[in-house]
Amino acid sequence: MFREFDLSEDTSSQRLGTRFLVFPQPRFIPGYEKPEPVWISTPRGRVGGGPSDHRLYVVDPLRPKEPYSAPYLPPFIGDVFPPAEPGPDGHFDELLPGTRQFLAAHAFASVRRVLDICESYMGQEVSWFFSDSYKRLEIIPLLDWDNSHSGYGFLELGEDSSRQEPYPFALNFDAIAHETGHLLLLGAIGVPRHSRLSVDFLAYHEAAADFISLLGLLHFDTALDHILRRTRGNLLISNELDRLAELSDEKQVRTLSHSLRIGDVGDEAHDRSRPFSGALFDTLVEIFQLILVERGLASLDTRTIREVRLDLRQEELDREAVQLREAYNASHFALKSALEEARDLVGEMFVGSWFYLDPDNFSFPMASEALVQAVSNRRGKRFTDRVYLNFAWRGLL
Ligand SMILES: [Zn+2]
């Protein structure tokens with residue numbers, strides 16, 4: 001049973017958290033064949049069988065189950081597979097990939113990781129939007145279903161059948177982080193009271209969920225190394241030509257690196273989400289570039305150019321590309337630290353903007369304005385004008 005969460009009872013080694021293995025990308029993506037150790041914040045010894053802790057738990061139904069749909073909602077009642085259990089040391093990193101228990105632990109750790117990241121940017125715990133009815137989120141790790149979804153008290157994962165060999169979404173960090181993003185956003189900004197949701201609100205949800213998935217990816221060492229090594233640290237320039245998407249194996253980068261403006265997309269939520277998530281991505285890439293300039297690691301200062309995606313001249317781009325490439329091996333770790341800093345500045349701004357949003361009175365210009373406001377009150381203040389210009393260029397401000 002669950003005791004109330006009181007950190008004072010734990011020893012300092014328990015407070016380090018609990019270790020799991022997570023694949024940053026599906027393991028058929030080159031370079032991501034092995035899972036990476038991830039520490040979640042729940043103290044060792046406080047994650048029980050399932051896995052389960054005070055915020056979420058996994059149950060793995062033994063027999064085929066229909067996806068939840070109101071009024072059919074958690075908790076799941078019925079026979080279940082044996083739960084994933086911690087090893088004798090209290091960690092979950094000894095489970096074998098290929099077992100149902102590994103699947104359960106992978107889904108649990110992926111959700112928990114995204115929660116940890118967003119809550120640390122927000123500086124506070126985000127309560128579940130369904131906390132009136134349920135204290136914890138229920139995760140169903142494997143349904144015989146070609147989809148995954150989240151809703152009132154649950155997250156359910158099926159299988160991606162678009163591949164010759166179906167791939168469980170429980171092993172797909174990107175898909176889980178996206179769904180967790182929806183849940184967190186509903187918890188943080190609330191559920192609209194009107195039954196008629198605005199097109200922008202639905203589209204913003206998709207953009208936010210995609211961007212949270214990218215922020216989650218950028219917390220994996222493997223992902224930072226691969227993205228930087230593949231591009232030789234040349235994110236801005238690759239992105240300018242929309243080549244970063246082509247050069248990338250990571251789904252998050254392929255989705256977010258493009259030059260669509262609001263006038264280029266229709267009303268369907270996923271389509272309409274793209275200019276906003278693209279602007280967030282460009283902001284991240286530009287802030288990374290400017291941190292490189294501040295630290296003497298690059299020379300192309302985008303502040304001397306009025307509009308980021310339009311006015312870069314080819315010779316400037318070429319010169320910068322050569323400089324970064326030649327210096328790359330000697331500066332990999334400095335570049336990585338700059339990318340982590342840019343990620344965190346943009347992460348804080350993005351999650352911080354949620355404080356200014358009202359789901360019942362919502363539009364993309366308001367959400368963009370909220371970002372400008374959030375960054376101007378935070379560590380990334382010196383980049384406020386860049387945030388403004390990136391969103392203005394997309395037609396969002
Ligand atoms: Zn979605």
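How far apart do the C-alpha centres of domain 1 and domain 2 lie? In this predicted model, the separation is 28 Å. The protein chain is divided into domain 1, residues 7-189, and domain 2, residues 199-393. Where the two touch, domain 1 contributes 22 residues and domain 2 contributes 25 residues. On the domain 1 side, helices H1 and H2 each supply at least two residues of the contacting surface. The largest share of that side, 9 residues, comes from H2.

Domain 1 is a convenient place to start, with its open sheet. Four strands make up this sheet in the order E3-E4-E6-E5, and their pairing is mixed. Strand E3 (56-58) and strand E5 (148-151) stand at the edges with a single partner strand each, so one side of each has no neighbour in the sheet. On average, neighbouring strands here are turned by 15 degrees against each other, direction ignored.

The pairings inside the sheet can be followed strand by strand. Strand E4 (residues 137-140) and strand E6 (residues 154-157) run parallel and are joined by 3 bridges. Glutamate 138 stands opposite phenylalanine 154 in E6, and isoleucine 139 stands opposite leucine 155 in E6. E6 also pairs with E5, in the antiparallel sense, over 4 bridges. In that pairing, histidine 149 stands opposite glutamate 156 of E6. E5 and E6 form a hairpin with 2 residues between them, and glycine 153 in the turn has a positive phi of about 95 degrees. Along E6, Phe154 and Glu156 point one way while Leu155 and Leu157 point the other way, and all are buried.

Two helices pack against these strands. Helix H1 (residues 100-122) touches E3, E4 and E6, and its direction makes about 165 degrees with that of E3. Helix H2 (residues 173-189) lies across E4, E5 and E6 and runs at about 20 degrees to E5.

H1 deserves a closer look. This helix has 23 residues and reaches 33 Å from its first C-alpha to its last, close to the 33 Å expected at 1.5 Å a residue. Of its 23 residues, 18 are buried, so H1 is largely enclosed by the rest of the structure. Just after H1, glycine 123 takes a positive phi of about 80 degrees.

Valine 111 is found in H1. Why is valine 111 called buried? A residue counts as buried when 20 or more other C-beta atoms lie within 10 Å of its own, and valine 111 has 25 of them within 10 Å. Leaving out residues up to four places away in sequence, valine 111 touches Leu56, Ile139, Leu155, Ile176 and Thr180. Isoleucine 139 has its own set of contacts: apart from neighbours within four places in sequence, these are Leu56, Tyr57, Val58, Ala107, Phe108, Val111 and Leu155.

The nonpolar interior can now be described. The largest nonpolar core has 107 residues, and those with the most contacts inside it are Ala107, Ile139 and Phe288. H1 gives the most to this core, with 13 residues. Domain 1 (7-189) and domain 2 (199-393) both give residues to it, so this core lies between them.

A separate strand pairing involves strands E1 and E2. Strand E1 (residues 18-22) and strand E2 (residues 36-40) pair in the antiparallel sense over 5 bridges. In this pairing, phenylalanine 20 stands opposite valine 38 in E2. E1 is mostly covered, with 5 of its 5 residues buried. Both faces of E1 are covered: Thr18, Phe20 and Val22 lie on one side and Arg19 and Leu21 on the other.

Last comes helix H3 (residues 199-217), which has 19 residues and reaches 28 Å from its first C-alpha to its last, close to the 27 Å expected at 1.5 Å a residue. H3 is mostly covered, with 16 of its 19 residues buried.

Terms used: Residues numbered from 1 in each chain as written. Predicted model: local features only at pLDDT ≥ 70, side-chain atom pairs only at ≥ 80, totals over all residues. Pairing = 2+ DSSP bridges. Axes fitted to C-alpha atoms, helices over the stretch in contact; angles between N-to-C directions. Contact = placed C-beta atoms within 7 Å. Core = buried A, V, L, I, M, F, W, Y, C linked by C-beta atoms within 7 Å. Buried ≥ 20, exposed ≤ 12 C-beta atoms within 10 Å, placed from the backbone. Domains from an automatic or database assignment. Expected span 1.5 Å × (residues − 1).
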